[in-house]
Amino acid sequence: MSNVLPFRQRQPVAKLARCEVVAVAGDLLTLLEQLEDVCARAAGTGRPPLEVERTVQHLLDAVGAVERALDCIGEGEQAAPA
């Protein structure tokens with residue numbers, strides 16, 4: 001008797017994977033638009049200039065991170081047509 005269980009092979013889910021990539025990319029684009037909107041709103045808050053500058057800079061850093069994530073998704077292997 002053995003306590004080792006063999007792994008079952010998963011069925012290919014290429015179509016589902018492509019749908020998920022598209023969904024994630026769409027979510028990232030929505031997030032990017034929201035961050036840009038918040039950035040513009042934060043700039044007009046009337047808070048002390050240094051506070052506004054730091055807040056906007058952090059939001060711009062977040063925008064850059066989301067853009068890099070979109071680039072990573074876009075640079076993946078091209079999926080074969082379904």
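**Briefing: charges, cysteines and surface patches**

Glu36 sits in helix H1. This is a predicted model. Glu36 belongs to a negative surface patch. The structure also holds a nonpolar surface patch and 2 salt bridges. A search of the whole structure turns up 0 disulfides.

**Negative patch**

- Five acidic side chains build this patch: Glu33, Glu36, Glu67, Asp71 and Glu75.
- Two elements each give two or more residues to the negative patch: helix H1 (14-43) and helix H2 (49-74).
- Glu36 has a relative accessibility of 42%, so Glu36 counts as partly exposed.
- Patch members need over 30% relative accessible area and no salt bridge. Glu36, at 42%, is above that accessibility cut-off.

**Nonpolar patch**

- Val21, Val24 and Ile73 make a nonpolar surface patch of about 190 Å².
- Val24 is a helix H1 residue.
- Val24 is partly exposed because its relative accessible area is 32%. That value is over the 30% needed for a patch residue.

**Salt bridges**

- The count comes to 2 salt bridges.
- One of them joins the side chains of Arg41 and Asp37, at 3.3 Å from N to O.
- Arg41 and Asp37 both lie in helix H1. They are 4 residues apart, about one turn of the helix.
- Arg41 is exposed, with a relative accessibility of 55%. Asp37 is partly exposed, at 42%.
- In another salt bridge, the side chains of Arg47 and Glu51 meet at 2.8 Å, N to O.
- Arg47 is partly exposed, with a relative accessible area of 49%. The cut-off for exposed is over 50%, so Arg47 does not reach that class.
- Glu51 is also partly exposed, at 36% relative accessibility.

**Cysteines**

- The disulfide search covers the whole structure and finds 0.
- Cys19 has a relative accessible area of 46%, so Cys19 is partly exposed.
- Cys39 has a relative accessible area of 10%. Buried means under 20%, so Cys39 is buried.

**Ala40 and Val56**

- Ala40 is placed in helix H1.
- Ala40 counts as exposed because its relative accessibility is 53%. Exposed means over 50%.
- Ala40 and Val56 are 16 residues apart in sequence. In space, their C-alpha atoms are 8.1 Å apart.

**Helix H1 in brief**

- Helix H1 spans residues 14-43.
- Among the residues placed in helix H1 are Glu36, Val24 and Ala40.
- The Arg41 and Asp37 pair lies in helix H1 as well.
- Exposure varies along this list: Ala40 is exposed at 53%, whereas Val24 is partly exposed at 32%.

Note on methods
Residues numbered from 1 in each chain as written. Predicted model: local features only at pLDDT ≥ 70, side-chain atom pairs only at ≥ 80, totals over all residues. Heavy atoms only, no water. Patch = residues over 30% accessible without salt bridge, like charges linked within 9 Å, V, L, I, M, F, W, Y side chains within 5 Å. Areas by Shrake-Rupley, 256 points an atom, 1.4 Å probe, with all protein chains shown as cover. Salt bridge = Lys/Arg side-chain N within 4 Å of Asp/Glu carboxyl O. Lys, Arg positive; Asp, Glu negative; His and termini not counted. Charge placed at Lys NZ, Arg CZ, Asp CG, Glu CD. Buried < 20%, exposed > 50% of the residue type's maximum accessible area, 1.4 Å probe, protein only. Disulfide = S-S within 2.5 Å.
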